[in-house]
Amino acid sequence: MRDLMKRWELSAFSRDGLSLEQVPVPIVGADEVLVRVNAVALNYRDQDVIAGRMGAFNLPMTIGSDMSGTVVEVGKSVEKFAVGNRVISTFFPDWKDGRPLGSGRHPNYQSLGGFYPGVLSEYVTFPAAWLTKGPSSLDELEASTLPCAGLTAWYALVELGRVEKGQTVLIEGTGGVAIFGAQIAKAKGATVILVSGSGEKLERAKALGLADFVINRTREDWVERVYEITSDRGADHILEIVGGPHLAKALEAVAPGGRISMIGVLEGGQLSASVGPLLLKGPVIQGIAVGHHRAQEDVVKAIDELQIKPIIDARYGLADLQKALDHLSRGAFGKIVVDFSL
């Protein structure tokens with residue numbers, strides 16, 4: 001193992017504030033493990049961190065939250081992992097199970113690549129309790145996509161939503177969470193309706209068997225189309241990834257007693273909608289901020305059992321982070337991954 005490693009550091013809240021630095025490999029504490037990072041999956045949230053929209057974190061900092069790697073050294077108190085184990089990171093390291101942490105005044109947002117150091121580094125040292133084993137059925141790039149996008153979709157649809165065979169799941173978009181949501185819903189026997197503004201991406205989703213119905217929102221009233229597909233019932237589950245005033249559309253499309261999972265804020269952080277459908281339909285509107293440690297362990301097991309293969313749109317080398325972020329800004333079909341073998 002080398003004494004020095006490469007690590008991306010953010011010294012100012014802008015893309016220009018990113019630089020690839022050479023620093024010492026971290027020392028392992030008693031309850032920690034040293035992990036050689038093999039792949040890091042990017043999220044839209046990483047762009048917000050870089051731009052300073054997620055809070056005034058201490059600089060310099062390393063961004064990135066979703067990592068797959070190999071344990072190369074363990075602290076003397078560690079029993080959970082051994083050298084050679086494949087591991088993945090957890091987005092909220094302190095959230096083990098149950099309700100979200102924090103208080104009414106101060107909700108918890110102590111995540112990797114923000115409050116805690118990130119993973120865009122050749123090696124990382126974390127407490128063993130911050131990691132879970134990776135799926136045996138996935139390669140390193142695929143495994144890196146689980147800690148945020150995969151877990152978010154699972155937490156919304158399965159952990160909280162209890163999606164069932166025969167239900168209808170409406171998904172907005174074709175990004176990481178959306179594609180995972182489609183895969184999970186299909187694996188659970190649900191009917192999937194995918195909505196996007198890109199005809200090309202919709203055709204790709206259809207060809208991959210990710211959706212039973214696809215709707216191009218630029219060509220037709222997608223809510224009316226949902227009514228047609230469901231014989232006016234509406235969707236049992238909606239992954240609301242757009243946010244802002246778009247919540248009103250989700251409330252129109254949801255079935256009485258259905259469930260809307262608020263995940264994205266692409267159209268802004270201030271929600272707006274008519275109160276009528278909310279009162280008359282009585283849907284559950286649940287906020288989804290990724291998920292906890294135990295749910296990630298469930299995802300890992302389910303991925304192996306259900307044989308779900310994450311969709312990776314493109315991979316980039318560690319030195320090509322700026323190109324990867326450009327691709328993320330343009331929009332991805334599935335996930336964009338930084339491959340440390342390139």
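# Questions on a predicted model

Reader: In what order do the six strands of the open sheet stand, and what is the sense of their pairing?

Author: This structure is a predicted model. Its open sheet is formed by six strands, and the pairing is parallel. Read across the sheet, the order is β10-β9-β8-β11-β12-β13.

Reader: Which strands stand at the edges of the sheet, and why is one side of each left without a neighbour?

Author: A strand with a single partner strand has one side left without a neighbour in the sheet, and so it stands at an edge. From one strand to the next, the twist averages 15°. The edge strands are β10 (213-216) and β13 (284-287).

Reader: Which residue of β10 is the bridge partner of Ile193?

Author: Strand β9 covers residues 191-196, and its pairing with β10 is parallel, over four bridges. Within β10, the bridge partner of Ile193 is Phe213.

Reader: Which strands does helix α3 touch where it packs on the sheet, and what angle does its direction make with that of β11?

Author: Helix α3 is made of residues 146-160. It touches β8 (168-172), β11 (235-240), β12 (254-262) and β13. With the direction of β11, the direction of α3 makes an angle of about 155°.

Reader: What angle does the direction of helix α5 make with that of β10?

Author: Helix α5, residues 199-207, also packs on the sheet. The strands it touches are β9 and β10. The angle between the directions of α5 and β10 is about 180°.

Reader: How are α3 and α9 oriented to each other?

Author: Two packed helices are described by the angle between their axes and the distance between the axes. For α3 and helix α9 (residues 293-306), the axes come within 9 Å and cross at roughly 95°. Angles of 65 to 115 degrees count as roughly perpendicular. Therefore α3 and α9 are, to each other, roughly perpendicular.

Reader: How many nonpolar, polar and charged residues does the contact of α3 with α9 have?

Author: On the side of α3, the contact is made by Leu146, Pro147, Leu151, Trp154, Tyr155 and Glu159. On the side of α9, the residues are Arg294, Ala295, Gln296, Asp298, Val299, Ala302 and Ile303. By class, the contact of α3 with α9 has three charged residues, one polar and nine nonpolar.

Reader: How are α1 and α10 oriented to each other, and is their crossing left-handed or right-handed?

Author: The axes of helix α1 (residues 44-51) and helix α10 (residues 321-330) come within 10 Å, and the crossing angle is roughly 115°. The two helices are therefore roughly perpendicular to each other. The crossing of α1 and α10 is left-handed.

Reader: Which residues meet in the contact of α1 with α10, and how many of them are charged?

Author: From α1 come Tyr44, Gln47 and Ile50, which meet Leu325, Leu328 and Ser329 of α10. By class, four residues of this contact are nonpolar and two are polar. The number of charged residues is none.

Reader: Is Thr132 buried or exposed?

Author: Thr132 has its place in strand β7 (residues 131-133). Not counting residues up to four places away in sequence, Thr132 touches Phe81, Arg86, Val87, Ile88, Thr90, His293, Gln296, Glu297 and Val300. Buried means under 20% relative accessible area. The relative accessibility of Thr132 is 2%, so Thr132 counts as buried.

Reader: How far apart in space are Thr132 and Val300?

Author: In sequence, Thr132 and Val300 are 168 residues apart. Val300 is nevertheless one of the residues that Thr132 touches. In space, C-alpha to C-alpha, the two are 8.6 Å apart.

Reader: Which kind of peptide bond joins Leu59 and Pro60?

Author: Pro60 lies in the loop between α1 and β4 (66-74). For the bond between Leu59 and Pro60, omega is about -5°. The peptide bond is cis.

Reader: Is Arg162 buried or exposed?

Author: Arg162 lies in the loop between α3 and β8. Its phi is near 50°, a positive value in a residue other than glycine. Exposed means over 50% relative accessible area. Arg162 has 54%, so Arg162 is exposed.

Reader: What is the value of phi of Gln307?

Author: Gln307 is found in the loop between α9 and β14 (312-316). At 51% relative accessibility, Gln307 counts as exposed. Phi is positive here, in a residue other than glycine, and its value is near 55°.

Definitions and conventions
Residues are numbered from 1 along each chain as its sequence is written. This is a predicted model: local features need pLDDT of at least 70, side-chain atom pairs count only at pLDDT 80 or more; totals for chains, interfaces and linings use all residues. Side-chain values use heavy atoms; hydrogens and water are left out. Two strands pair if DSSP finds at least two bridges between them. Axes are lines fitted to C-alpha atoms, for helices over the stretch in contact, and angles run from 0 to 180 degrees between N-to-C directions. Contact means heavy atoms within 4.5 Å. Angles under 35 degrees count as roughly parallel, over 145 as roughly antiparallel, 65 to 115 as roughly perpendicular and the rest as oblique. A crossing is left-handed if the near helix is turned anticlockwise from the far one by less than a right angle, and right-handed if clockwise. Ala, Val, Leu, Ile, Met, Phe, Trp, Tyr, Cys and Pro count as nonpolar, Asp, Glu, Lys and Arg as charged, and the others, Gly among them, as polar. Buried means under 20% relative accessible area, exposed over 50%, partly exposed in between (1.4 Å probe, protein chains only).
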